[in-house]
Amino acid sequence: MDNVELSDAIADLAGLVGRVEETGERVCVTDGGEPTSVLLPAAELAELEHFAQRTHGGVRPRPGPGPGPGQPFGPDPQGPYIRYVHADGRRMTFVRDRVVVAELRSAAEIDWLEDRARTARQGYMPPKQAAAFEEFLARQGPVGDGVAWIAGSWRCQQPFTKLEFVKGPTAEDVALAYGADARDIADGLLLHQVEEQDAREGTDDLTRVLAFGEENGWTWLGYHDFDHAFSRPLDPPPAQQITLGATMAKAIYAFSYFEDGVYQNPFPVEDGAEDRRDMYELIWYTPGEAPFAPEAPLSFLNLHLRIAEKAGNWTDNIALFFEGLERAFGLALPRDAITSGNVRCARPARR
């Protein structure tokens, strides 16, 4: 990127814009050697804006252009170009033959845009590359114990009828938000302690506790929802939330997936049936058939299920579906800790 002093830039602004249009390279305008603004191709600025607006958060606000010297109203001819000065008097747009060719922005604003755009670009892939990478990821085995191992006992409502996975908040925060007792969480109550107390005292607290932990960046929750003690929505909604519910008596095994509180897997309906959108029943999944339409938000799960089927690790349909979730989302549950009761838990908060 070439540097041009402000006085030289003012003297031959049209020539400077022509250089940017011809070479596609930026020009940095300096004042006393210090960068003040950047003249860059309009297409490059559009790309920076495109990616920068897809980056959320951050503590540094977008720099303002600062007060400008003021410019006459209306289009300003600059050789073969027309200059349009923005209301702040500093940002400028250059047009030739009704086509925008270059933009002038402050150096601070360009630095801010590049910083945010860099973050978004790191997660971007063209469609073909994204599809190939998705298939590569799908072929990777589960990290840790996965979740397919629990499918059989879960189907029989053991050790939990509800399994939930939440992305974002910590396990303790989710447990508290679900209505778990803060003292139990602070004390580090373990599942086997509740089981041992039930055996000693003839109680049935094991069916009224919320077990929880963290695996692979997800908070996992396991509980029975017999009295709806822990059925509470999170506010604000987490980035991702997966719910698996087993109702053995009615042979209902449900799967729901939300992103930022938005339901992602539409409820399949028969002709004439009311359009419900509350869950997806796992008994609808048939190996060899894609459960989600190509245009559905969860269509990417089809690939993970197909690869799970080819792997041949499980014959039970629900275990196969669980393995598909392992591959798609990286879900895992600590097998030894859960089966031995060495996982944290909490009873409902006292009212």
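Here are legends for four close-up views of this predicted model.

**View 1. An open sheet of seven strands.** Welcome to the seven-stranded sheet, which is open and follows the order 1-2-3-7-6-5-4, with mixed pairing. Its edges are strand 1 (2-5) and strand 4 (76-78), each of which pairs on one side only. On average, neighbouring strands here are turned by 25° against each other, direction ignored.

**View 2. Helix 3 packed on the sheet.** Now bring in helix 3, residues 42-52, which packs on the sheet. The helix touches strand 3 (34-41) as well as strand 7 (99-106). Its direction and that of strand 3 make an angle of about 100°.

**View 3. Strand 4 beside strand 5.** Zoom in on the edge strand 4 and strand 5, residues 81-85. The two run antiparallel and are joined by three bridges. To find your way along the pair, look for Pro77, whose bridge partner in strand 5 is Ile82.

**View 4. Strand 8 and its pairings with strands 10 and 11.** Here strand 8 (residues 162-167) pairs with strand 10 (residues 218-223) in the antiparallel sense, over six bridges. Strand 8 also pairs with strand 11 (residues 240-247), again antiparallel and over six bridges. Glu164 is a handy residue to select in this view: its bridge partner in strand 10 is Leu221, and in strand 11 its bridge partner is Thr243. As you browse the side chains, keep in mind that in a regular strand they alternate between the two faces of the sheet.

Conventions
Residues are numbered from 1 along each chain as its sequence is written. This is a predicted model: local features need pLDDT of at least 70, side-chain atom pairs count only at pLDDT 80 or more; totals for chains, interfaces and linings use all residues. Side-chain values use heavy atoms; hydrogens and water are left out. Two strands pair if DSSP finds at least two bridges between them. Helices (H or I, at least four residues) and strands (E, at least two) are DSSP runs, numbered from the N terminus. Axes are lines fitted to C-alpha atoms, for helices over the stretch in contact, and angles run from 0 to 180 degrees between N-to-C directions. Contact means heavy atoms within 4.5 Å.
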